[in-house]
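Colleague: Could you take a close look at one part of this model for me, the pockets and what lies around them? Start wherever you like and walk me through it.

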Amino acid sequence: MIKTVNLTKRFITDDIETTALNNVSLEVKEGEFIAIMGPSGCGKSTLLNILGMLDSPSDGTYIFNGTDVSKFKEGKRTQYRKGNIQFVFQSFNLIDGLNVFDNVELPLIYLKKSNAERRQMVMDILDRMKIGHRKKHFPSQLSGGQQQRVAIARAVVPSPKLILADEPTGNLDSKNGIEVMNLLSDLNRQGTTIVMVTHSPRDATFANRIINLFDGQILSEEVARRQQAL
């Protein structure tokens with residue numbers, strides 16, 4: 001599903017050039033759950049942004065689902081991302097002025113699903129995430145764990161090929177963090193490909209494979225001893 005070859009990203013500010021990614025080559029097969037680990041500033045989020053087509057590489061090749069997207073302009077990246085890639089963020093990124101139902105419905109509106117389709121798909125995923133009873137609540141009325149459930153529901157509802165998770169348990173306590181990881185693990189077992197950035201060794205045990213980054217380069221890869229649902 002994902003293949004990068006010598007992926008490089010440079011940032012230039014005030015005549016200072018910083019290399020955030022340096023010749024990163026990796027493959028992610030359909031149905032895998034990958035954890036990307038490394039210290040702050042090692043390039044994890046930069047890599048995730050390129051894989052999610054929020055940004056483009058300075059050099060190298062990025063092939064997604066058989067298509068070379070390396071040179072896509074922003075508008076084309078946005079169109080190609082729709083229906084293919086969804087994100088789960090540490091900060092939830094829910095819209096405060098929308099209730100749970102409306103937050104989850106949003107990607108389906110962008111995909112121009114009919115009203116009836118949207119209503120059924122949203123209720124199905126809210127029930128699956130065990131948050132349907134909160135459908136009329138607003139984000140401020142939910143706990144952190146509940147907000148992340150809603151964020152995952154929003155990511156999953158359009159049936160994307162890939163979910164990119166950026167520190168998905170970073171703002172949660174241990175109990176809610178494990179619940180979120182169990183949800184992601186269940187989604188992966190049902191066929192969703194997941195690439196997750198994390199600082200948490202515990203969270204990484206839910207993945208199939210761990211990629212360790214350091215100074216913008218892949219330092220090592222290892223097969224994870226996958227954690228069973230807790």
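**Pockets and their surroundings**

Modeller: Let's start at Thr192, which sits in the loop between α6 (174-189) and β8 (193-197). Keep in mind that this is a predicted model. Is Thr192 buried or exposed? With a relative accessibility of 15%, Thr192 falls under the 20% cut-off, so it counts as buried. Setting aside residues up to four places away in sequence, Thr192 touches Glu32, Ile163 and Leu187.

Two of those partners turn up again in the second largest pocket, whose lining includes Ile163, Leu187 and Thr192 itself. The rest of that lining is Met121, Asp124, Ile125, Arg128, Val156, Val157, Ser159, Pro160 and Gln190. Helix α4 (residues 115-128) provides the largest share, four residues. Sorted by class, you get seven nonpolar, three polar and two charged residues around this pocket. The space inside comes to about 160 Å³.

Now over to the largest pocket, with a volume of about 460 Å³. It is lined by 17 residues, and the ones closest to its centre are Ile85, Gln86, Phe87, Pro107 and Tyr110. Which elements supply at least two residues each to this lining? They are α2 (74-81), β6 (85-89) and α3 (100-110). Strand β6 gives the most, with four residues. By class, the lining of the largest pocket splits into ten nonpolar, four polar and three charged residues.

Two of those elements deserve a bit more time. First, α3: eight of its eleven residues are buried, so this helix is largely enclosed by the rest of the structure. The buried ones are Val100, Phe101, Asn103, Val104, Glu105, Leu106, Pro107 and Leu108. Notice that Pro107 is on that list and is also among the residues closest to the centre of the largest pocket. The cover over the buried residues of α3 includes β6, α4 and α5 (144-156). Two names there should ring a bell: β6 from the lining of the largest pocket, and α4 from the lining of the second largest.

Next, β6, and in particular Phe89, which is found in that strand. Why does Phe89 count as partly exposed? Its relative accessibility is 24%, and partly exposed covers the range between the 20% and 50% cut-offs. Leaving out neighbours within four places in sequence, Phe89 is in contact with Gln148 and Asp166. Gln148 is 59 residues away from Phe89 along the chain, yet their C-alpha atoms are separated by 8.4 Å.

That pairing fits into a wider pattern of contacts. Taking contacts between residues at least 6 apart in sequence, 68% join residues at least 24 apart.

To set the pockets in the whole protein: it has seven helices and ten strands, and its C-alpha trace spans about 50 × 40 × 35 Å along the principal axes. The radius of gyration is 18 Å, which agrees with the value near 17 Å that a compact globule of 230 residues would have. Half the chain is tucked away, in that buried residues make up 50% of the 230. As for the outside, the accessible surface comes to about 11,100 Å², and carbon and sulfur atoms account for 47% of that.

Conventions
Residues are numbered from 1 along each chain as its sequence is written. This is a predicted model: local features need pLDDT of at least 70, side-chain atom pairs count only at pLDDT 80 or more; totals for chains, interfaces and linings use all residues. Side-chain values use heavy atoms; hydrogens and water are left out. On a 1 Å grid over the protein atoms alone, a cavity is a set of points where a 1.4 Å probe fits but cannot get out, and a pocket is an open set with protein on both sides within 12 Å along at least five of seven lines; lining residues have an atom within 4 Å of a point. Grid points are joined across faces, edges and corners, and a volume is the space filled by probe spheres set on the points. Ala, Val, Leu, Ile, Met, Phe, Trp, Tyr, Cys and Pro count as nonpolar, Asp, Glu, Lys and Arg as charged, and the others, Gly among them, as polar. The radius of gyration is taken over C-alpha atoms; the globule rule is 2.2 Å times the number of residues to the power 0.38. Buried means under 20% relative accessible area, exposed over 50%, partly exposed in between (1.4 Å probe, protein chains only). Contact means heavy atoms within 4.5 Å. Accessible areas come from the Shrake-Rupley method with a 1.4 Å probe; for residues, only the protein chains shown count as cover.
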